[in-house]
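User: Hi! I am new to protein structures and would like to learn how to read salt bridges and sheets. Could you walk me through an example?

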Amino acid sequence: MDSNPAHKPGFFERLSSLLVHEPEDREQLLQLLHAAHQRQLLNADALGIIEGALAASEMSVREVMVPRPMMEVVDVQDSLQQVINQVNTTLHSRFPVINGSRDNVIGILLTKDLLRVPHADGFSLRDWLRPAVFIPEYKRLDVLLREFRVSRNHMAIVIDEYAGIAGLITIEDVLEQIVGDISDEYDFDEADDNIQLDQNGAYRVKAHTTVADFNVAFDTRFSDEKCNTVGGLILNHLGRVPQFNETIAIDDVNFQVLRADSRRIYTLVVSRSPAADDSE
């Protein structure tokens with residue numbers, strides 16, 4: 001019996017009391033964690049991070065990487081001004097450096113190193129390269145994250161089984177699988193958290209929403225034969241990554257890009273065209 005009647009059990013004491021019986025598998029562990037959330041021992045953010053960490057231990061680099069065609073690269077033959085223009089356009093802090101072809105990555109450029117370039121005359125990008133780290137596409141995310149922490153690298157080039165370039169992955173890509181998109185609110189109490197109605201009456205949709213879920217929510221009939229997600233649907237339609245604030249019309253649905261970078265789409269604002277509304 002507690003000798004201090006005023007003692008209030010802390011978070012870990014309450015969580016430990018819930019985990020008296022050790023879970024026998026991952027499914028039981030998740031059930032206990034969700035029970036802890038329902039009893040308010042874990043908030044939604046903590047539960048999401050734990051679930052993300054567990055999922056990362058089963059995901060491969062291939063599932064998260066930026067595919068080779070979407071890689072933002074600079075060529076070793078580029079002039080200083082060309083490189084600066086690329087940096088200003090994409091706002092990335094690191095770039096794979098190629099020699100003529102995306103299949104020939106010869107190093108990594110850290111854009112902060114450009115601040116030390118004394119002048120453009122005689123500039124050779126080759127002099128400012130950092131070594132590139134190459135990893136297999138089926139490496140597990142949790143293993144890669146540990147390697148990133150030890151090596152202090154933030155980018156790796158992904159290769160396939162034939163040693164060809166498959167894509168790239170950054171430490172931010174890995175962390176996002178664990179903590180989620182930190183720019184969007186995340187609430188496990190909302191069944192359709194990927195589709196949210198904002199204060200202005202507009203629907204905000206996360207790009208990783210499945211096409212099937214989108215069809216149910218908006219009564220559309222988009223095919224998911226080629227693309228599983230709304231972001232993939234737009235990429236397949238355009239053949240490129242859209243820019244911020246760009247609006248893409250597919251059938252009678254307008255997708256306005258709320259958040260994106262040069263590699264992927266994150267958030268969209270969705271509306272139906274007036275013609276479609278009038279016809280109903």
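Analyst: Happy to help; we will take salt bridges and then a sheet. This is a predicted model, where local features need pLDDT of at least 70 and side-chain atom pairs count only at pLDDT 80 or more, while totals for chains, interfaces and linings use all residues. Residues are numbered from 1 along each chain as its sequence is written, and side-chain values use heavy atoms, with hydrogens and water left out.

User: What is a salt bridge, and how many come out by this rule?

Analyst: A salt bridge is a side-chain nitrogen of Lys or Arg within 4 Å of a carboxyl oxygen of Asp or Glu. By that rule the count is 8. One of them joins the side chains of Arg 130 and Asp 113, at 3.1 Å from N to O. Both residues lie in the loop between β4 (105-110) and β5 (134-136), so this pair ties together parts 17 residues apart in sequence. Helices (H or I, at least four residues) and strands (E, at least two) are DSSP runs, numbered from the N terminus.

User: Is Asp 113 buried or exposed?

Analyst: Buried means under 20% relative accessible area, exposed over 50%, and partly exposed in between (1.4 Å probe, protein chains only). Asp 113 has 4% relative accessibility, so it counts as buried. Arg 130, at 35%, counts as partly exposed.

User: Which residue pairs with Arg 272 in a salt bridge?

Analyst: Asp 252 does, with 2.9 Å from N to O. This pair links distant parts of the chain, 20 residues apart: Arg 272 is in strand β12 (residues 265-272), and Asp 252 is in the loop between β10 (247-250) and β11 (253-260). Arg 272 is partly exposed at 23%, and Asp 252 is partly exposed at 25%. Salt bridges can also share partners: Asp 113, Arg 116 and Arg 130 are joined that way into one network.

User: Now the sheet: what is the order of the strands in the open sheet of 4 strands?

Analyst: Strands of a sheet pair through backbone hydrogen bonds, either parallel or antiparallel. Here, two strands pair if DSSP finds at least two bridges between them. The order is β1-β7-β6-β5, with mixed pairing. At the edges are β1 (66-67) and β5, each pairing on one side only. Strands β6 (residues 155-159) and β7 (residues 165-170) pair in the antiparallel sense over 5 bridges, and Met 155 stands opposite Thr 170 in β7.
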